[in-house]
Amino acid sequence: MKPKSKILIIAGSDSSGGAGIQADIKTVTSLGSYAMTAITAITSQNTTGVYSIKSVPENEISNQIEFTAKDIRPDAIKIGMLHSEDVIKSVLKSLDKIKVKKIILDPVMVAKGGAKLINDQSIKILKSHLIKKVSILTPNIPEAEILTKLKIKNLSDMIIASEKLIKLGAKNVLLKGGHLNNTTLQDVFLSENEIKIFKKKKINTKNTHGTGCTLSSAIATFYSCGKTLKKSCEMAINYVNYSIKTGPKFGKGHGPINHLCTININKKFK
Ligand SMILES: Nc1ncnc2c1ncn2[C@@H]1O[C@H](COP(=O)(O)OP(=O)(O)OP(=O)(O)O)[C@@H](O)[C@H]1O
Ligand SMILES: [Mg+2]
């Protein structure tokens, strides 16, 4: 097959391959599109934890975005963790220059263990500028709590927080419910005039490394191919769910999901 569309991913590298840029490339590829990257940071990590993080200077991040997009125009952009105010500002400038309309922002701020990954100044500019520029925002519950300053304990709190994010200037929101301790997981999609609750049975596994990155890249891929945002979210949630169910059980800690679950290798290459 030929690639269906072209996606530019702006995110950090995860050396263990389960999350970050690596998960994004695998997702975009497994769903039939062409992946390009602007790497924001290099992490040394495995399934048991992060060993070190080295940031890429903001002008190099902008160079990757602008020089790549000048030649191969992305149909959509997925943005993952942006670790500092300067990085957010230079990404904003580059986005203004390349003028791609379909942008998915995964506003990564909180690690799986609950630690804040970016400082207050970065959160402020993300909230005041970046969320207004993008097509959809995909926070998890702790991130939505930080952005809205609301406590989220159940589905109705999730809906109220999503409404507040729209009031703050987000065009569309997918608030992920993975952090509520229920047997059914609910993700809330909200736009100015539409709401949809996606429900899935919680899969009992510790291997959910990179689910958030995978979800936002899958949304970017489906959206870039012409699906509506609501349909893109639904299909992306199904892809993540099937990838968790078929996880390869690699590593001693929180292992990766199975990005390859969509792929059948041609006989010639087996
Ligand atoms: N155990 C599980 N079973 C089924 N679906 C899950 C499970 N864990 C997460 N999901 C789904 O995965 C998607 C990502 O949600 P999650 O809340 O894990 O995002 P996140 O916290 O941003 O992830 P990450 O820690 O990778 O950044 C959501 O659609 C969520 O419903
Ligand atoms: Mg996340």
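Here is a short walk through this predicted model, from one of its strands to the ligand and a helix beside it.

Let's start with strand E1, residues 6–14. Eight of its nine residues are buried, so E1 is largely enclosed by the rest of the structure. Who are its neighbours? One is strand E2 (residues 34–46), which pairs with E1 in the parallel sense over eight bridges. If you want a spot to look at, find Ile9, which stands opposite Thr37 in E2. Another partner is strand E4 (residues 76–79), which runs parallel to E1 and is joined to it by four bridges. Here you can look for Leu8, opposite Ile77 in E4.

Now follow the chain from E1 to E2. Helix H1 (residues 20–30) belongs with these two strands, and together E1, H1 and E2 make a right-handed β-α-β unit.

Next, the ligand. Ligand 1 is surrounded by 23 residues, and the closest are Asn140, Gly178, Ile203, Thr211 and Gly212. Strand E8 (184–191), helix H7 (211–224) and helix H8 (229–245) are the elements that give two or more residues to this shell. By character, the shell around ligand 1 splits into ten polar, eight nonpolar and five charged residues.

Let's stay with H7 for a moment. This helix is mostly covered, with 14 of its 14 residues buried. You can also check its length: at 1.5 Å a residue, the 14 residues of H7 should span 20 Å, and its end C-alpha atoms are 20 Å apart, which agrees. Just after H7 comes Gly226, with a positive phi of about 105°.

Definitions and conventions: Residues numbered from 1 in each chain as written. Chains lettered and ligands numbered in written order. Predicted model: local features only at pLDDT ≥ 70, side-chain atom pairs only at ≥ 80, totals over all residues. Near = placed C-beta within 6 Å. Nonpolar A, V, L, I, M, F, W, Y, C, P; charged D, E, K, R; others polar. Buried ≥ 20, exposed ≤ 12 C-beta atoms within 10 Å, placed from the backbone. Pairing = 2+ DSSP bridges. Right-handed = clockwise from strand over helix to strand, strands pointing away. Expected span 1.5 Å × (residues − 1).
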